[in-house]
Amino acid sequence: MRRRSRGLTLLELLIAGVIVGFLTAALVRAYAAGATYPERLRQGRDVELSAGSFDEKLSSLIRRATLSPDVNETASFFEGSAGGASGGGTNVGNADTITFTAAGIKPSAAVLTSQDDFETSNQTYGPQGGVQEISISTTPVGQGSASSGLFERKQIPADGDPTQGGNESVMNPNVTSISFEFWDGTQWLTAWDTATMATKRLPAAVRVTYQIQNDDNPHILVVQLPMSDVTTDNPVTQAAG
Amino acid sequence: MNRRGSVFIMALALLAGLVAILAGAAASQRLALKSEVNRMENRRARLLAQAGIQRAVATLYDFITNGNSASGNTGTTSSTKTNATLLTDDWAIAGNNGADKYTLGQNSYRLQIVDANAFVNLNAAPEAQLNQMPFSQQQIDCLLDWREAATTTSRSDGAKDTYYNALTNPYNAKLGRLSTINDLLMIRGFTGPSIYDVQTDVVSTATIMQGTNDSQATLYDLCNVVGYTPMTQQDGTAKINVNALGNPQQKIQRMIQAGISPALAAQLSTGNYPTMASLVQAVGANDLKTVLNVLTVDNTPRKEGRINLNTAGQSVLSTIPNITPDVVQAIVQRQSTGLTQLGDIVDIPGLNSGAALAPLIDYVTVASQTFLVRVVGTAGGSSVALEAVIDMQSGSPKILSISEAPFSDMPTRWGWDDATTETPITQS
């Protein structure tokens with residue numbers, strides 16, 4: 001039997017139109033989201049990566065802390081203090097700066113294979129090898145410019161003056177505050193200064209607590225120092241006074 | 001025009017668009033995954049290398065406290081344990097010269113422990129010894145100027161602050177000890193290749209020094225910067241200072257108790273012996289052994305820069321001024337059994353008189369408290385090579401430094417054997 005075809009009612013057309021409209025809108029949205037998806041994925045990864053690599057960089061820097069076996073060496077120290085570098089053992093709680101010496105940093109392959117003579121090498125690559133002085137602080141020692149964040153200062157060779165020298169750079173511009181604590185074998189201390197210790201020793205571990213802009217949660221990082229001989233069985237005996 | 005056909009084509013186009021987006025996302029995701037895997041592998045390799053260092057520390061600690069497990073230095077008390085450091089010891093065979101591979105799943109580490117006194121110590125070697133090594137005159141002068149405390153006058157080819165301050169990137173001379181071998185890069189006359197490649201323009205007239213891999217020795221093969229030797233007798237007590245002030249009768253008594261004949265003790269108690277060389281020349285051949293075992297010439301509990309006769313290679317032994325190739329050969333031959341006390345040195349052919357011993361006795365030891373650990377951690381395609389210096393003073397291990405080895409072919413540079421045995425790391 002052949003049915004006579006008849007037109008659609010207005011209602012049917014309206015319903016069909018609305019459905020098609022919804023579908024088109026959904027499709028357009030899906031396309032738009034899909035087109036930017038890889039880019040957003042990459043950005044998300046970058047944020048995660050930079051947070052992770054900041055932690056990694058911070059701990060790998062702190063892990064390098066080394067003291068010379070020569071007890072009389074002045075260019076060999078570990079200091080954690082408040083309000084920038086102390087330079088004289090005036091430490092009072094809540095350290096926001098650590099300054100220490102580090103040995104054993106690998107010179108770049110370019111330096112090790114360069115056929116330049118000593119002077120040209122110094123000109124091209126700067127001083128190489130040697131003990132490095134590393135300082136991590138939210139207070140820059142350089143010009144009190146408007147820049148803020150966490151600063152890293154490196155000096156080769158370390159010169160026995162923990163308060164200044166070397167190159168300063170921004171390590172992470174988003175750090176609003178940082179504090180360091182030091183494990184002496186029995187408790188966490190808020191300051192550390194090898195200059196005032198009878199026997200110079202490194203803390204067994206450093207606990208770093210930092211705050212990132214627009215993030216209310218504090219980030220906590222505990223870094224064990226491999227070159228420290230401080231243990232629970234062999235703690236630092238606190239000098240009286 | 002067929003309407004149904006056009007819908008099909010539209011559907012196909014839609015699908016193609018979606019697939020393209022997905023493929024793009026997948027490609028970028030794969031790349032990200034790969035870089036993440038690389039990072040993970042590198043971290044794993046580093047952690048494994050650090051585990052290797054911990055294993056070495058444990059091995060050394062076990063050796064220092066308990067002695068050797070099989071033979072050689074046996075016993076757990078200080079009275080039966082010798083203080084010598086031999087190539088047959090447990091620590092020396094740990095890792096089997098890099099041939100043992102300690103595996104954890106697909107990943108692994110390899111390690112080697114070397115006596116730090118098997119090298120020439122650049123912080124302690126006197127000029128006469130540096131002259132026997134592959135240095136140029138400028139390098140010797142500058143090295144001495146760098147580490148010696150006198151601040152102003154430099155040697156004729158040397159350099160002090162005036163020179164270093166005039167560099168493009170100026171700094172001050174250290175006037176103190178080198179912290180790692182790479183500190184040489186701070187010193188005038190040294191460059192990367194002069195440390196890690198064979199130096200050609202050198203003053204030394206000594207015989208060609210054999211390095212690892214049958215090539216000539218590089219400074220990296222020959223030198224290090226730290227290494228302590230204990231000044232102790234066989235039973236672990238301190239050696240007696242023959243120059244000590246105080247009651248001479250007590251000193252004579254102590255020497256007699258330690259096995260020195262009364263006549264010799266009386267003779268030695270009155271003299272002044274600035275060096276071991278002067279001491280060995282003052283005693284007869286029969287007394288040499290005991291004198292070397294129990295006496296020293298100052299109060300220093302441990303000394304730096306002594307070469308361990310039991311562990312040093314031919315090229316390092318050859319740097320001792322005035323040593324003859326025959327004596328070097330005889331010392332190396334004796335290393336398979338080893339010298340358990342310094343006095344055993346008189347058993348080596350050619351070294352049985354004070355006159356023969358005098359040139360070298362102040363340069364040598366048979367015991368060591370400092371060890372160099374070389375370790376390579378491998379995970380997937382990443383590997384990390386570390387060198388750690390571990391000091392065992394008073395029996396408790398302390399890591400003095402950890403440095404990242406600078407080249408990717410470190411096992412070859414260290415003269416390691418190929419990895420042949422696999423030992424899984426298990427929980428115990």
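Which residues does B:T191 touch, not counting residues up to four places away in sequence? In this predicted model, B:T191 touches A:D116, A:D117, A:F118 and B:L185. The residue lies in the loop between α5 and α6 (192-196) of chain B. B:T191 counts as buried, because its relative accessibility of 14% falls under the 20% limit.

**The interface of chains A and B**

The size of an interface is often given as the accessible area lost when the parts come together. Between chain A and chain B the buried area is about 3700 Å², and carbon and sulfur atoms give 64% of this area. On the side of chain A, the residues that lose the most area to chain B are A:Y31, A:L112 and A:F118, together 19% of what that side buries. The contact involves 43 residues from chain A and 49 residues from chain B.

Polar terms also occur across this interface. The rule finds 3 salt bridges between chain A and chain B, one of them possibly of interest to the reader: B:R43 forms a salt bridge with A:E56, with the closest N and O atoms 3.2 Å apart. In addition, 8 residue pairs are in polar contact across the interface, with both residues at pLDDT 80 or more. The elements α1 (10-63), α2 (109-113) and α3 of chain A each supply at least two residues of the side of chain A that touches chain B. The largest share of that side, 11 residues, comes from α1(A).

**Aromatic pairs**

A pair of aromatic rings is described by the distance of the centres and the angle of the planes. Over all chains, the count comes to 17 aromatic pairs. For A:F118 and B:Y164 the planes stand at 85°, which is over the 60 degrees required, so the pair is edge-to-face. This pair joins two chains, because A:F118 lies in helix α3 (residues 118-125) of chain A and B:Y164 in helix α5 (residues 161-165) of chain B. Both ring-bearing residues are buried: A:F118 has a relative accessible area of 7%, and B:Y164 has a relative accessibility of 0%.

A second pair, A:F182 and A:W192, is tilted. A:F182 is in strand β6 (residues 175-183) of chain A and A:W192 in strand β8 (residues 192-193) of chain A, so that the pair links distant parts of the chain, 10 residues apart. A:F182 is buried at 0% relative accessibility, and A:W192 is buried with a relative accessible area of 3%.

| Ring pair | Centre to centre | Angle between planes |
|---|---|---|
| A:F118 and B:Y164 | 6.5 Å | 85° |
| A:F182 and A:W192 | 6.3 Å | 50° |

A:F118 and B:Y164 also belong to one aromatic cluster with B:W146, B:Y163 and B:Y171. Within chain B, the charged end of B:R188 sits over the ring of B:Y163, 4.2 Å from its centre. Likewise, B:R302 lies over the face of B:Y228, at 3.8 Å from the ring centre.

**The surroundings of B:T365**

B:T365 is found in strand β10 (residues 364-365) of chain B and counts as buried at 7% relative accessibility. Apart from neighbours within four places in sequence, B:T365 is in contact with B:T229, B:R306, B:I307, B:N308, B:L309 and B:L342. The side chain of B:T365 makes a polar contact with the side chain of B:T229 at 2.6 Å, and reaches the backbone nitrogen of B:A367 at 3.1 Å. B:G343 is 22 residues from B:T365 in sequence, with the two C-alpha atoms 10.0 Å apart.

Note on methods:
Residues are numbered from 1 along each chain as its sequence is written. Chains are lettered from A and ligands numbered from 1 in the order in which they are written. This is a predicted model: local features need pLDDT of at least 70, side-chain atom pairs count only at pLDDT 80 or more; totals for chains, interfaces and linings use all residues. Side-chain values use heavy atoms; hydrogens and water are left out. Rings of Phe, Tyr and Trp (its six-membered ring) pair if their centres lie within 6.5 Å; planes under 30 degrees apart count as stacked, over 60 as edge-to-face and the rest as tilted. Helices (H or I, at least four residues) and strands (E, at least two) are DSSP runs, numbered from the N terminus. Buried means under 20% relative accessible area, exposed over 50%, partly exposed in between (1.4 Å probe, protein chains only). A charge sits over a ring if NZ of Lys or CZ of Arg is within 6 Å of the ring centre and within 35 degrees of the ring normal. Contact means heavy atoms within 4.5 Å. Buried area is the accessible area (1.4 Å probe) that two parts lose on being put together, summed over both. A salt bridge is a side-chain nitrogen of Lys or Arg within 4 Å of a carboxyl oxygen of Asp or Glu. A polar contact is a pair of N or O atoms within 3.5 Å; within protein, one must be able to donate a hydrogen and the other to accept it, and residues adjacent in sequence count only if both atoms are side-chain atoms.
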